[in-house]
Amino acid sequence: AAVNFKLYQNVPNPFNPATRIRFDLPRSTVIKLTIFNVKGQTIRNLYEGGVTAGRKEFTWDGRDDKKGLVASGVYFYRLEAGEYSKTMKMILLR
């Protein structure tokens, strides 16, 4: 089992049309996984809620909260889980 929180680089990166975001949770906790743009605007709330311990994987399909396709460019994903918070960069190439 995971001993620490860890957020991994998305795969593939750069990506089109979708990418996988993986992370490890040392214990069951409530998380928030958010995608946002270079201006810091939230593009997609990918997941918010309780998750069990272990390695988790979510897929982002390059769409915003309104299901519209977002443009090529640099995006960020942030995992928040209790006191842990980490943000990483990814690139979408259409």
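Student: Why are strand 3 and strand 4 called paired?

Tutor: Two strands pair if DSSP finds at least two bridges between them, and strand 3 (residues 29-37) and strand 4 are joined in the antiparallel sense over 8 bridges, so the pairing rule is met. One of the facing positions is L33, which stands opposite Y47 in strand 4. This is a predicted model, in which local features need pLDDT of at least 70, side-chain atom pairs count only at pLDDT 80 or more, and totals for chains, interfaces and linings use all residues. Residues are numbered from 1 along each chain as its sequence is written, and side-chain values use heavy atoms, with hydrogens and water left out.

Student: What makes strand 4 and strand 7 edge strands?

Tutor: In the open sheet of 4 strands, with the order 4-3-6-7 and antiparallel pairing, strand 4 (42-51) and strand 7 (84-92) each pair on one side only.

Student: How do you know that strand 2 and strand 5 pair?

Tutor: Strand 2 (residues 19-25) and strand 5 share 7 bridges in the antiparallel sense, and T19 has W60 in strand 5 as its bridge partner. Both strands belong to an open sheet of 3 strands in the order 1-2-5.

Student: Why does the radius of gyration of the protein agree with a compact globule?

Tutor: The radius is taken over C-alpha atoms, and the globule rule is 2.2 Å times the number of residues to the power 0.38. With 94 residues the rule gives a value near 12 Å, and the protein has 13 Å, which therefore agrees.

How values were computed: Helices (H or I, at least four residues) and strands (E, at least two) are DSSP runs, numbered from the N terminus.
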